[in-house]
Amino acid sequence: MAGGMLLSGATAALIATALPVHDPSSGIVDPPPDKIVIKIATVNGSGCPQGTAAVAVSPDNTAFTVTYSDYLAQVGGSADPTAFRKNCQLNLIVHVPQGFTYAIASADYRGFASLQRGASSAEKASYYFQGSPNTAAITHPFRGPYDDNWQATDVTDWAQLVWAPCGVQRNFNVNTELRVSAGTSATGSTSFMTMDSTDGDISTVYHLAWKECPEF
């Protein structure tokens, strides 16, 4: 799905999470008062078929959310042999107020998992700006037996934040992955992991840090 979907403004209630400790010398500033606008340039992957991923920006410019409606990895039973791994690559055009730059300070992921005894799963996310060699990747493992909602939070220290370059447009890429392994679980049993929001709750929240660009 390319190009035309514009998403900004209204969002569901954000779910609070721990953010990295603020270092006063880091140059971090309050969010700019002008609105940011996010467009989905492209969305690709088995975990986000066309029309099943949406983005919204929080009213205070401190976060944006990604909601999935068909993100499911599973093994066993009647599951397709390729269904054990699902992924989604989001390429986002982020328009920020002039004179500011941003970084992803933390990200909250959530969904539901049903893992049989002996089975396991993992949620993985990587982040990078277009043209940048700096890629951050974090993996969260889960082990059966497990039958409950799950949540995982990626947090970046202020000193390690990767900032969008000032003065040029660089798309922001988020690549997520769900993977389920049958392991030693009983033959024929089914294990699965979702990252979706069929009940309307937010599934993924990306918290932003802001900094003023230097004057040239």
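Reader: What share of the contacts in the protein with a separation of 6 or more comes from residues 24 or more positions apart?
Author: Keep in mind that this is a predicted model. Here we look at contacts in the protein with a separation of 6 or more, and pick out those between residues 24 or more positions apart. Their share comes to 82%.

Reader: How many helices and how many strands does the protein have?
Author: Reading along the sequence, you meet a pattern written with β over and over. The count for the secondary structure is zero helices and 14 strands.

Reader: What percentage of the 216 residues is buried?
Author: Buried here is a matter of a cut-off: under 20% relative accessible area. Among the 216 residues of the protein, the buried share is 44%.

Reader: Which strand gives the most to the largest nonpolar core?
Author: That core has 42 residues, and F64, Y68, L92, Y109, W150, F172 and Y206 are those with the most contacts inside it. Take L92: leaving aside neighbours within four places in sequence, its contacts include I38, I40, V55, F64 and F172. As for strands, the top contribution to this core is seven residues, and it comes from β8.

Reader: How many residues does the second, separate core have?
Author: A103, A105, W163 and A209 are included in this second core, which is separate. In general, nonpolar side chains in soluble globular proteins tend to be buried together. The size of the second core is five residues.

Reader: F112 is in strand β8; is F112 buried or exposed, or partly exposed?
Author: Buried would need under 20% relative accessible area, and exposed over 50%. F112 has a relative accessibility of 27%, so the label is partly exposed.

Reader: How far apart in space are F112 and D147, C-alpha to C-alpha?
Author: Along the sequence, the two are 35 residues apart. F112 is in contact with D147, and also with D148, N149, W150, F192, M193 and T194, once neighbours within four places are left aside. From C-alpha to C-alpha, F112 and D147 are separated by 7.7 Å.

Reader: Which residue's side chain makes a polar contact with the side chain of S114?
Author: S114 lies in strand β8, and its relative accessibility of 13% is under the 20% cut-off, so S114 counts as buried. Beyond four places in sequence, S114 is in contact with Y146, D147, T190, S191 and F192. The side-chain polar contact, at 3.4 Å, is with D147.

Reader: How many salt bridges does a search of the whole structure find, and which residues do they join into one network?
Author: R85 pairs with E177, with the closest N and O atoms 3.3 Å apart. That pair links distant parts of the chain, with R85 in strand β7 and E177 in strand β12, 92 residues apart. The side chains of R179 and E177 also meet in a salt bridge, at 2.9 Å from N to O. The search finds two salt bridges, and their shared partners make one network of R85, E177 and R179.

Reader: Which of R85 and E177 is buried?
Author: R85 has a relative accessible area of 32%, so R85 is partly exposed. With a relative accessible area of 14%, under the 20% cut-off, the buried one is E177.

Reader: What is the volume of the largest pocket?
Author: The pocket is lined by 19 residues, and V96, F100, P165, G167 and V168 are the closest to its centre. β7 and β8 each supply at least two residues of the lining, and the largest share, three residues, comes from β8. The volume of this pocket is about 290 Å³.

Reader: Which peptide bond is cis, with omega near 5 degrees?
Author: Look in the loop between β10 and β11, where P145 is found. The cis bond runs from G144 to P145.

Reader: Which residue's backbone oxygen does the side chain of S189 reach?
Author: S189 lies in the loop between β12 and β13. S189 and G77 are 112 residues apart in sequence but 5.6 Å apart in space, C-alpha to C-alpha. Beyond four places in sequence, S189 is in contact with V75, G76, G77 and Q116. At 2.6 Å, the backbone oxygen that its side chain reaches belongs to A186.

Methods:
Residues are numbered from 1 along each chain as its sequence is written. This is a predicted model: local features need pLDDT of at least 70, side-chain atom pairs count only at pLDDT 80 or more; totals for chains, interfaces and linings use all residues. Side-chain values use heavy atoms; hydrogens and water are left out. Buried means under 20% relative accessible area, exposed over 50%, partly exposed in between (1.4 Å probe, protein chains only). Contact means heavy atoms within 4.5 Å. A salt bridge is a side-chain nitrogen of Lys or Arg within 4 Å of a carboxyl oxygen of Asp or Glu. Helices (H or I, at least four residues) and strands (E, at least two) are DSSP runs, numbered from the N terminus. A polar contact is a pair of N or O atoms within 3.5 Å; within protein, one must be able to donate a hydrogen and the other to accept it, and residues adjacent in sequence count only if both atoms are side-chain atoms. A nonpolar core is a set of buried Ala, Val, Leu, Ile, Met, Phe, Trp, Tyr and Cys residues joined through side-chain atoms within 4.5 Å. On a 1 Å grid over the protein atoms alone, a cavity is a set of points where a 1.4 Å probe fits but cannot get out, and a pocket is an open set with protein on both sides within 12 Å along at least five of seven lines; lining residues have an atom within 4 Å of a point. Grid points are joined across faces, edges and corners, and a volume is the space filled by probe spheres set on the points.
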